[in-house]
Amino acid sequence: RYRCLFEISKNENSIKHSYYNWNDDQYSSFMIRIMQSLEAVQFQPQQRLLNELDSVNDIVFIMEGHIDVGFEINKKTMYKLRLMHEIVIGFYECSFDRRSLLIYKSRNISKGYFVRKKNWFFINKDFPEMTDKIKLRCLI
């Protein structure tokens, strides 16, 4: 489901793109480590996942449900975007140690998985080549 996020090219300079797959030892170890770090989560309708300027401690992968994304101006909250399943929340913030810039709220019952920031830090430390390429894509 999250193929785009974890589709990592082997060589940035090659004309013909080749990507890591499960047959590559480093990639399979990286993916297994991520899967071992996943924990299940469920959000109730209207539950806020993050507020503006909150410290982000998890990378959340929403598998099903709808998430409203918005901001607050003059103490009035406005939701301007609705995202549906296969959403990643908190990846940028956890990777670059930033606070949330937006408000995320569950529209209905939303289910998914999350990786704690401290686990992502250790994965980042053990597989810098893989995580650096994912982080670079996050910035583009």
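Leaving aside its neighbours within four places in sequence, which residues is glycine 70 in contact with? Here contact means heavy atoms within 4.5 Å. The answer is Met78, Tyr79, Lys80, Leu102 and Ile103.

Before going further, a word on what you're looking at. This is a predicted model, where local features need pLDDT of at least 70 and side-chain atom pairs count only at pLDDT 80 or more, while totals for chains, interfaces and linings use all residues. Residues are numbered from 1 along each chain as its sequence is written, and side-chain values use heavy atoms, with hydrogens and water left out.

**The whole chain**

Let's step back for the overall picture. The secondary structure comes to five helices and eight strands, and along the sequence they follow the pattern α-α-β-β-β-β-β-β-α-β-β-α-α. Helices (H or I, at least four residues) and strands (E, at least two) are DSSP runs, numbered from the N terminus. The C-alpha trace spans about 50 × 30 × 25 Å along its principal axes.

Of the 140 residues, 37% count as buried. Buried means under 20% relative accessible area, exposed means over 50%, and partly exposed is in between (1.4 Å probe, protein chains only). Take the contacts between residues at least 6 apart in sequence: 74% of them join residues at least 24 apart. As for charge, there are 22 positive and 17 negative side chains, and the centres of the two sets lie 5 Å apart. Lys and Arg count as positive and Asp and Glu as negative, with His and the chain ends not counted; the place of a charge is NZ of Lys, CZ of Arg, CG of Asp or CD of Glu.

**Around glycine 70**

Back to our opening residue. Glycine 70 sits in strand β4 (residues 66-73) and is buried, with a relative accessible area of 1%. Strand β4 runs antiparallel to strand β5 (residues 76-84), and eight bridges join the two. Strands pair if DSSP finds at least two bridges between them. Across in β5, tyrosine 79 is the bridge partner of glycine 70. There's also a link from further along the chain: the C-alpha atoms of glycine 70 and lysine 105 are 35 residues apart in sequence, yet separated by 8.4 Å.

β4 and β5 form a hairpin with two residues between them, and asparagine 74 in the turn has a positive phi of about 50 degrees. Lysine 75, in the loop between β4 and β5, has a positive phi of about 65 degrees although it is not a glycine. Most residues other than glycine have a negative phi. Leucine 53 has a positive phi too, near 65 degrees.

**Three loop residues**

Here's how three loop residues line up.

| Residue | Loop | Relative accessible area |
|---|---|---|
| Aspartate 24 | between α1 (3-6) and α2 (25-37) | 18%, buried |
| Leucine 53 | between β2 (48-50) and β3 (58-64) | 59%, exposed |
| Lysine 75 | between β4 and β5 | 77%, exposed |

Aspartate 24 also has company: leaving aside neighbours within four places in sequence, aspartate 24 is in contact with Lys10 and Tyr19.

**A two-sided helix**

Finally, have a look at helix α4 (residues 117-126), where Trp120, Ile123 and Asn124 are buried. Seen down the axis of α4, the buried residues fall within an arc of 100 degrees, so they line one face of the helix. That arc is taken from the directions from the helix axis to the C-beta atoms. On the other side of α4, Lys118, Phe121 and Lys125 are exposed.
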